[in-house]
Amino acid sequence: MSTLHAIIIAIIEGITEFLPISSTGHMAIASAIMGDHGAFVELFEIVIQFGAILSVVVLYWRKFFDFKKISFYIKLIIAIIPALVFGALFKKHIDAMLEKPMIIAVIMLLGGFVLLFVDKWFQKPTIDREDNITVKKGFIIGCYQVLSILFPGLSRSAATIIGGMQQKLSRRLAAEFSFFLAVPTMLAATVYSLYKMYKEQPEVLTNSSNMGTLLLGCGIAFVVAILAIKFFITYLQKHGFRLFGWYRIIVGLTLIILFYTGIIGK
């Protein structure tokens, strides 16, 4: 993996991780276009997601380090259970899907149509404070996260935010809870991926060049993600999801045409 490729993928991850446009889908397609594959590339694309997620801990540090509110941690633990279970059960399915950018493009397109109507479907939120999110609601939102596992390209952010809005959370709170839920989710995914790589291909981790690339990618994704979060929250409160829906539709259609015409491989 070249340094330029690592920088491009890290920037893509930082921008897209918290937007409802699928960071996994964008990274998979970008790697397909650049023709870079292999065990380390797959590991890189997972680990730098945790780098981006750390931006949430920094921006919302008061929430994450307020140990007096145990309920906050309980809700996150309960909410992450569905993703952990389905992630473990469908790991091979996920890996197979990520190797088929055409499928990701179709899912991205269909997800765009959903985002065009989300604001109309959930117009009357009743919950605007994290303290009012019950354990049950947190678990249901966690179940929505499973959809992004089963359908790479759907977007973890989109799935959990829609789940939050369906549970009567305001757009802002649904987005923030999606951010919070991403922290334990991506921590678990990163630890598992590193452990699996250590067991199966330890030479990938002992390569100093690879470790330097991982640190570079995490750092870039972290900085870019901080800027993306601030933009997203502000934009979402004022304008909703339609722009992201149209973006997904345009990107999805463009990619399908490029795949179909053979300009980039399927």
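In which kind of crossing, left-handed or right-handed, does α8 pass α9? In this predicted model, the crossing of α8 past α9 is right-handed. The two helix axes come within 8 Å and cross at roughly 150°. Angles over 145 degrees count as roughly antiparallel, and α8 is therefore roughly antiparallel to α9.

A closer look at the contact shows which residues take part. From α8 come Ile140, Ile141, Tyr144, Gln145 and Ser148. On the α9 side, these residues meet Arg156, Ala159, Thr160, Ile162, Gly163, Gly164 and Gln166. By class, the residues of this contact divide into 5 nonpolar, 6 polar and 1 charged.

The two helices also turn up together around a pocket. The second largest pocket has a volume of about 230 Å³, and 13 residues line it. Closest to the centre of this pocket are Gly111, Val114, Leu147, Leu154 and Ile162. Two or more lining residues are given by each of α7 (101-121), α8 (135-150) and α9 (156-166). Of the elements, α7 gives the most to the lining, with 5 residues.

The make-up of this lining is worth setting beside that of the helix contact. The lining of the second largest pocket has 11 nonpolar residues, along with 1 polar and 1 charged, whereas the contact of α8 with α9 has 5 nonpolar, 6 polar and 1 charged. Ile162 links the two descriptions: this residue belongs to the α9 side of the helix contact, and Ile162 is also among the residues closest to the pocket centre.

Terms used: Residues numbered from 1 in each chain as written. Predicted model: local features only at pLDDT ≥ 70, side-chain atom pairs only at ≥ 80, totals over all residues. Heavy atoms only, no water. 1 Å grid on protein atoms, 1.4 Å probe; cavity = no way out; pocket = protein on both sides within 12 Å on 5 of 7 lines; lining within 4 Å. Points joined across faces, edges and corners; volume = space filled by probe spheres on them. Helix = DSSP H or I, 4+ residues; strand = E, 2+ residues; numbered from the N terminus. Nonpolar A, V, L, I, M, F, W, Y, C, P; charged D, E, K, R; others polar. Axes fitted to C-alpha atoms, helices over the stretch in contact; angles between N-to-C directions. Parallel < 35°, antiparallel > 145°, perpendicular 65-115°, else oblique. Left-handed = near helix turned anticlockwise from the far one by under 90°. Contact = heavy atoms within 4.5 Å.
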